[in-house]
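Visitor: Could you walk me through this structure and show me how each label follows from the numbers?
Guide: Gladly, let's take a look together.

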Amino acid sequence: MNKILSIVLCLSLTLLLPSCKRKKLTEVVEVPLPSAEEKITIGQPDDVTAAEGQFSLAKLPYQYNELQPSIDILTMEVHYSKHYLTYTNNLNKLVAADATLTDLTIEDILKKCDGSNADLKNNAGGYYNHGFFWEGMAPKSGGQPKDTLATVITKDFGSFENFKTQFTDAAEKQFGSGWAWLVLDKTGKLQVTSTPNQDNPLMPKQTIPGTPLLNLDVWEHAYYLDYQYKRKRYIDNFFKVINWKKVSERYEEAIAKK
Ligand code: MN3
């Protein structure tokens, strides 16, 4: 009899246990807070340096938080101190291993990037495109260009709004990773174009070759943390931080070289 009782007791305990477990799931569970080491820390742009080599990082002309809310602080920090730094270090390694590239400017290297050396094309493009991108933006900027550049944009696109629509379309419709550009073409006309990956209008075999005046990074790493899939919103907000003074200077330089 005792044996039977103990079997019944065991069985009922076994049956009860899962329900006890279920009950526990609804209880408040204490989750340990992340330790100090795990917290995200944001460094300073000036603390980032490339490894010894022919090319150094373009200095970021503002702090990581200064383009907010168009570009959030974490995206800016990761983009500059990780992605851009990697392109720069990789480019330096490639240049150090190829005597034909020694002492060339980045523009001259880009002119040699016909696709025969994919590594060089990706990293030389990544280095140039990002440095150019940082300088094309500034805090408390945006609006519309002034003086000569404003006149030329109106002449070549019909209006500033038309230019904005074309540039936005190019950035939005670039499939996958790439860049949107405003360039001065060989005939002296302004044109909007886009390039895949780290290609740019100074490289051979481009759809619209020309001298870059403005670019926008549409790789997901440039906006995904803050905007997720909303690339269009990122593009709209980019227009609030375009450094038109810098773009005008680039235009004057490009015209002077013609
Ligand atoms: Mn990028």
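**From values to labels**

Guide: In this predicted model, the manganese ion is coordinated by His-79 (NE2), His-130 (NE2), Asp-217 (OD) and His-221 (NE2), at 2.0 to 2.1 Å.

Visitor: What makes these atoms donors of the manganese ion?
Guide: Donors are N, O and S atoms within 2.8 Å of the metal. The contacts to the manganese ion lie at 2.0 to 2.1 Å, so these atoms count as donors. Along the sequence, the donor residues follow the spacing H-x50-H-x86-D-x3-H. His-130 belongs to helix 4 (residues 118–135) and Asp-217 to strand 3 (residues 211–217), so this pair ties together parts that are 87 residues apart in sequence. Both His-130 and Asp-217 are buried.

Visitor: Why is strand 3 described as largely enclosed by the rest of the structure?
Guide: Because six of its seven residues are buried.

Visitor: How do you know that strand 1 and strand 3 pair?
Guide: Pairing needs at least two bridges between the strands. Strand 1 (residues 178–184) and strand 3 have six bridges, in the antiparallel sense, so they count as paired. Leu-184 stands opposite Thr-211 in strand 3.

Visitor: Why is Tyr-224 called partly exposed?
Guide: The label covers values between 20% and 50% relative accessible area. Tyr-224 has 38%, so it is partly exposed. Tyr-224 is found in helix 7 (residues 224–227).

Visitor: What makes the aromatic pair of Phe-133 and Trp-134 tilted?
Guide: The structure holds 24 aromatic pairs, and in this one the centres are 5.6 Å apart with 40 degrees between the planes. Rings pair within 6.5 Å, and an angle that is neither under 30 nor over 60 degrees counts as tilted, so the label fits Phe-133 and Trp-134. Phe-133 is buried at 2% relative accessibility, and Trp-134 is buried at 0%.

Visitor: And why is the pair of Phe-167 and Phe-239 called edge-to-face?
Guide: Their ring centres are 5.9 Å apart and the planes stand at 90 degrees; the label needs over 60, so edge-to-face it is. Phe-167 lies in helix 6 (residues 160–173) and Phe-239 in the loop between helix 8 (231–238) and helix 9 (244–257), 72 residues apart. Both Phe-167 and Phe-239 are buried.

Visitor: How do you know that the charged end of Lys-164 sits over the ring of Phe-239?
Guide: One condition is a distance within 6 Å of the ring centre, the other an angle within 35 degrees of the ring normal. The charged end of Lys-164 is 5.1 Å from the centre of the Phe-239 ring and is listed as sitting over that ring. Likewise, the charged end of Arg-250 sits over the ring of Phe-132, 3.5 Å from its centre.

How values were computed: Residues are numbered from 1 along each chain as its sequence is written. This is a predicted model: local features need pLDDT of at least 70, side-chain atom pairs count only at pLDDT 80 or more; totals for chains, interfaces and linings use all residues. Side-chain values use heavy atoms; hydrogens and water are left out. Donors are N, O and S atoms within 2.8 Å of the metal (3.2 Å for Na, K and Ca); water is not among the atoms, so sites may look incomplete. Helices (H or I, at least four residues) and strands (E, at least two) are DSSP runs, numbered from the N terminus. Buried means under 20% relative accessible area, exposed over 50%, partly exposed in between (1.4 Å probe, protein chains only). Rings of Phe, Tyr and Trp (its six-membered ring) pair if their centres lie within 6.5 Å; planes under 30 degrees apart count as stacked, over 60 as edge-to-face and the rest as tilted.
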